[in-house]
Amino acid sequence: MKNNDVILVTGGAGFIGSNFIKFVLKKHKDLHVVNLDSLTYSGNKENLKDIAGDTRYTFVKGDVSNGAVIEKVFKKYKPTYVINFAAETHVDRSIHVGAKQFIDTNIVGVFNILEAIKKYREVYDFKKYVQVSTDEVFGSLPLDSKKAFTETTAFSPNVPYSATKAGGDMLCNAYFTTWQLPVVVTHCSNNYGPFQYPEKLIPFFILRMLENKTLPLYGDGKNVRDWIYVVDHCSALDLCLFKGKSGEVYNIGADNEINNLDIAEKIAKYFKKDKTIFEFVSDRPGHDRRYAVDSSKIKRELGWKPVYSFEKAFAETIKWYLDHPKWVDGVRKKTGVFNPHIDLWRKHVLKK
Ligand SMILES: NC(=O)c1ccc[n+]([C@@H]2O[C@H](COP(=O)([O-])OP(=O)(O)OC[C@H]3O[C@@H](n4cnc5c(N)ncnc54)[C@H](O)[C@@H]3O)[C@@H](O)[C@H]2O)c1
C-alpha cells in the first residue's frame, strides 16, 4: 500500500462493511475509504457515525447494480483497491420476498464492479479486488460428520441467497482466468458482533428477549453454524486485500460450531430465562443442516488467526445491543418489525 491509496468499499454501511471500514482506518493511517452504499433496509449511516468526520472517509449513496454508478465512482476516485460487501444477505428474505433483488445486487453488482476494474486497470495501477462471500455457497454438511468446507469444495447452494453469492464468486473466477483481473474471493462463516441488522439470529434473539417474546427456532433447532466474531473476519479481509494472492480463494472461520438451540440457550441464560421461551416452528425450506469451515489455508499462507474468544465476544455482543437502545430504536423505526420473514412464514405457511 502507498500513501493515499483509495479503497472503494461497497456496502460499507451494513454490519460487516461498517466494522471493516473502522478496522482499516484504525490500522492504516495513509489511505482513503470511499463507501458506496445504496442504504437498503440493512444499510445504516448510524453504523459509521464515529468516523463520519474523518477526512479519510467519503460516503457516496449509490447502487452497485447500476453500472453507470460504478463507472462514475471509478472515474472520480480512481480506487486502487475494492472490497465488496454490497449484497442482499438474508436467506429468509430471498425465499419469502423473492430472488430478483438478490440477482441484481449479488450477481449484476459483482459484474459491474468487475467490468469497471477491467476498464480502469488500463488507465491506472489497480491492485486488488476482494469479493466477500460466504460458506453458504458450499451447501450443507451432515450433522454426523467431521467434514469442513475447503477452498476446493464444489459449490452446491440450496437457497436463492447462496445461489446468487455463488454466481458472483464464479464471475470473479472467470474474470481472473480470462482477463487476469487481480481478484480474491473469501468464504466466511456466520458473523456476530455489533451493528448487525436484527433479522439475523443473534441480534434477533437478543431483541426478542428485550420485548419479552419467544425465541422461534426452525425445525429441531439443531442446525449448526460456525460462528466468528466480526472483527476477526475484518482482520482476515484486511490480509486478503493487502497480502492475498490474485486468483486465490480463502476460507475464513473460527472453528466454533454451535447449533441454534445452544445459541438460544446461551441468550436465555444471559436474560435469566428458561427453555419455556423456545418456540419450535416449521423448518425453513432448503435449510442447510451444518456449515463448518476449514481455514487452514489463510492461516498458513497469510498468517491470519482469530483472536476473540467466543464466550467473551458473545457476552460483549449481547451487552452492546443492551447499551445501544438508540441504535435499536432507529432500526425498529426504519423497518417496523425485526424479522418480517418469520412473521410471513407463520402467516402463510403455518397459518397462525
Ligand atoms: N453476516 C454474515 O454472517 C456473513 C457471513 C459471510 C459472508 N457475508 C457476506 O458479507 C457481506 C456483508 O454482509 P453483512 O452481514 O454486512 O450484510 P448487511 O445486510 O448488514 O449489509 C449489506 C450492505 O450492502 C448494502 N447494499 C445492498 N444492496 C446494495 C446495492 N445494490 N448497492 C449498494 N449497496 C447495497 C446495504 O445497504 C448494506 O449496507 C455480504 O456480501 C455477505 O454475503 C456475511
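Strand 1 (residues 5-10) runs parallel to strand 4 (residues 81-84), and 4 bridges join the two. Within this pair, Leu-8 has Val-82 of strand 4 as its bridge partner. Strands here are DSSP runs of E with at least two residues, helices are runs of H or I with at least four, and both are numbered from the N terminus. Two strands pair if DSSP finds at least two bridges between them. The model is predicted: local features need pLDDT of at least 70, side-chain atom pairs count only at pLDDT 80 or more, and totals for chains, interfaces and linings use all residues. Residues are numbered from 1 along each chain as its sequence is written.

Strands 1 and 4 belong to an open sheet of 7 strands. The order is 3-2-1-4-5-6-11, with parallel pairing. Strand 3 (57-61) and strand 11 (249-252) stand at the edges; each has a single partner strand, so one side of each lacks a neighbour in the sheet. On average, neighbouring strands are turned by 20 degrees against each other, direction ignored.

Helices lie across this sheet. Helix 4 crosses strand 1, strand 4 and strand 5, at about 175 degrees to strand 4. Helix 5 (residues 160-179) lies across strand 5 and strand 6 (183-188), at about 155 degrees to strand 5. Axes are lines fitted to C-alpha atoms, for helices over the stretch in contact, and angles run from 0 to 180 degrees between N-to-C directions. Contact means C-beta atoms, placed from the backbone, within 7 Å.

The largest nonpolar core holds 90 residues, of which Ile-83, Ile-113 and Leu-237 touch the most other members. Helix 7 (residues 230-243) gives the most to this core, with 8 residues. Such a core is a set of buried Ala, Val, Leu, Ile, Met, Phe, Trp, Tyr and Cys residues joined through C-beta atoms within 7 Å. A residue is buried if 20 or more other C-beta atoms lie within 10 Å of its own, exposed if 12 or fewer, and partly exposed in between, with C-beta atoms placed from the backbone. Beyond four places in sequence, Ile-113 is in contact with Thr-10, Val-64, Ile-70, Val-82, Asn-84 and Tyr-129.

Helix 6 (residues 201-210) is mostly covered, with 7 of its 10 residues buried. Among them are Phe-205 and Arg-208. The cover includes strand 7 (191-192), strand 8 (215-218), helix 8 (260-270) and helix 10 (310-323). Just after helix 6, Asn-212 takes a positive phi of about 55 degrees.

Note on methods. Contact = placed C-beta atoms within 7 Å.
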